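This report covers the contact between two protein chains and the sheets found within them. Please have the sequence and the coordinates open while reading.

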Amino acid sequence: MFVFWSIALLLIDAAKGAEVCYDRLGCFTDDIPWSGTAERPIKRLPWSPEKINTRFLLYTKNNPNNFQEITAIKPETIDYSNFNASKMTRFITHGFVDQGEENWLSDMCKRMFEVEDVNCICIDWSKGSRCPYTIAANNIRVVGAEVAYFIKTLQAKYGYSPSMIHFIGHSLGAHAAAEMGTQVPGIGRITGLDPAQPYFQGTPPIVRLDKNDADFVDVIHTDSAPTIPNLGFGMSQAVGHLDFYPNGGEYMPGCKKNIISQIVDIDGIWEGTRDFVACNHLRSYKYYSDSILYPDGFLGYACAGYNLFETGTCFPCPQGGCPKMGHYADEFKNKITSEFQKLYLNTGDAKIFARWRYKISITLSGKSSVRGYIHIALYGTGGNTRQYQIFKGKLNPGETYSNLIDVELNVGTLTKVKFLWNNNIINPTLPRLGAEKITVQDGEHRNVFNFCGSETVREDVLQTLEPC
Amino acid sequence: MERVLILLLLSLALAEASPSQKGLIVNLDNGELCLNSFQCKSGCCNRRTGLSLARCTQKAAENQECSHKHIYGVYYRCPCESGLTCDADWTIVGGITNSDFGICQDPTQSH
């Protein structure tokens, strides 16, 4: 009964909304759908722009290590800075409890400078993000308005086109795009890195990141399990033109380490502690960061579900190619066909996360069938891979076993394949098995390579197969 | 202090009780801290330098750097994957300091 009344009171309370107005940025209400709905039960108004203190930290090729702080309130700071109005501008925004001076933002800028010349602006709103979640979820509206104001200033000052803007937001930061996209039409691109789920999933498009906020919206989902009870922080809902679900989008490899191993990370205790709290959630920007340097290492395969992707139903890429997750997703901008494209791929468990997918079919030869496993390694112009398990169980000569593997490098044109099998128990009859034929299909280019072998080998001996 | 200990014990108990195949002492995944290779699923407990912490790591593929199987059980370069031999010299100093490094090669192919 108490619950009923409290909900009823809440709804009555929400019905008469309050409003705050800030002179540069406009008004913010707490009316439906901003609060008083099932998704957003607690009523909050965003803090003032002064209190949130949104800062724009500019990195360029000329100052990759130290930022220049610029602001649209004093436009002359942009004149004095290294900002180049003829170059693209990429904004990077952090999420809840995080800050703009965190390493991952500036590291992402540095990686961009390796491949392109852009204005890379890290947005810091840490004063507004380190507070109860319900408040931070509303403060992000002001941050979005600040970015919009910044872009409008650029427009007025340099005739800078919004189509040259790329906004990258992690977690709560991704939803700043809602306000920004409403205020400035025609923004070139928005990338949502695991957009926050609580207070946004299931809400109307005006509240959250949506594909109407820019000409092109791509989203990476890495922590999309339900917040209750799985503690997933990211949205599972597809909200962009392209929605990528690496590793299925819910649980990322390398995030299930025991507590000590997780915190005592290779990249230090701080990185480890961050991963301990939100490993899956933070993977999204790590994948993005790696994708800058490995353009073809994150191909998304359009599929109806992750289980279908895993069985190989959606392999290889269609004729037009696969969209690339991360930095180069916009190469697919003009090829978007269906309403919501869900794209699946697998990544590595530690950096470097890039992986290349191949389909392998092996026809066995030999005399007797044994129980054991089959391993295979690919050799090509790009180098050679480590051994990957194709099958485990009963190995029958004459039968064909196929599987998909995600290898750690782009093998290029395949030159040979090595086959290895192993019996799990000691077998005194010393059986011999071989691969008669191995077919390898490359996911990106759809090329099929055939390899043949005539011999059989003992267990734990490599058999080399040549092209045929 | 007691609280920390209790919390640690609790988390240990929880980790042990989890039905998944991951382990705390043995059956460790890649990237987890280890003291000896027998703890790792991959069979290699690797550290970069004498001072750094050791973690379970993938064994070395063909043409990658490797060391022979060693009694210490902790490696600066992992031993090779099955079917490959580590083409490294045996030296006395290297034997003691575990620094006889070579390249993984396929013994069935003449080099």
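How many salt bridges are counted between chain A and chain B? In this predicted model, the count is 3 salt bridges. In one of them, the side chains of A:R386 and B:E81 come together at 3.9 Å, N to O. A pair at that distance passes the cut-off, because a salt bridge requires a nitrogen within 4 Å of a carboxyl oxygen.

**The interface**

The contact draws on 21 residues of chain A and 22 residues of chain B. About 1,900 Å² is buried between chain A and chain B, and carbon and sulfur atoms account for 45% of this area. On the chain A side, A:N258, A:R386 and A:L462 supply 26% of the area that chain A buries against chain B, more than any other three residues. A:R386 is thus named twice, in this trio and in the salt bridge to B:E81.

Polar contacts across the interface of chain A and chain B come to 13 residue pairs, with both residues at pLDDT 80 or more. Two elements of chain A, α9 (259–263) and β18 (414–423), each supply at least two residues of the side that touches chain B. The largest share of that side, 3 residues, comes from β18(A). By class, the side of chain A that touches chain B consists of 7 nonpolar, 6 polar and 8 charged residues.

**The sheets**

Strands of a sheet pair through backbone hydrogen bonds, in a parallel or an antiparallel sense. One open sheet from each chain is listed below.

| Chain | Strands | Order | Pairing |
|---|---|---|---|
| chain A | 10 strands | β4-β3-β6-β5-β7-β8-β9-β10-β12-β11 | mixed |
| chain B | 3 strands | β3-β5-β4 | antiparallel |

In the chain A sheet, β4 (68–70) and β11 (301–302) are the edge strands, each pairing on one side only. Strand β3 (residues 55–59) of chain A runs antiparallel to β4(A), and 3 bridges join them. Within this pairing, A:L57 has A:E69 in β4(A) as its bridge partner. Helix α4 (residues 103–115) of chain A lies across β3, β5 (89–93), β6 (119–124), β7 (165–170) and β8 (189–193) of chain A, and runs at about 155° to β5(A).

In the chain B sheet, the edges are β3 (65–67) and β4 (85–87), each paired on one side only. Neighbouring strands of this chain B sheet are turned by 55° against each other on average, direction ignored. β3(B) pairs with strand β5 (residues 101–105) of chain B in the antiparallel sense over 3 bridges. The bridge partner of B:S67 in β5(B) is B:F101.

Conventions. Residues are numbered from 1 along each chain as its sequence is written. Chains are lettered from A and ligands numbered from 1 in the order in which they are written. This is a predicted model: local features need pLDDT of at least 70, side-chain atom pairs count only at pLDDT 80 or more; totals for chains, interfaces and linings use all residues. Side-chain values use heavy atoms; hydrogens and water are left out. Contact means heavy atoms within 4.5 Å. Buried area is the accessible area (1.4 Å probe) that two parts lose on being put together, summed over both. A polar contact is a pair of N or O atoms within 3.5 Å; within protein, one must be able to donate a hydrogen and the other to accept it, and residues adjacent in sequence count only if both atoms are side-chain atoms. Helices (H or I, at least four residues) and strands (E, at least two) are DSSP runs, numbered from the N terminus. Ala, Val, Leu, Ile, Met, Phe, Trp, Tyr, Cys and Pro count as nonpolar, Asp, Glu, Lys and Arg as charged, and the others, Gly among them, as polar. Two strands pair if DSSP finds at least two bridges between them. Axes are lines fitted to C-alpha atoms, for helices over the stretch in contact, and angles run from 0 to 180 degrees between N-to-C directions.
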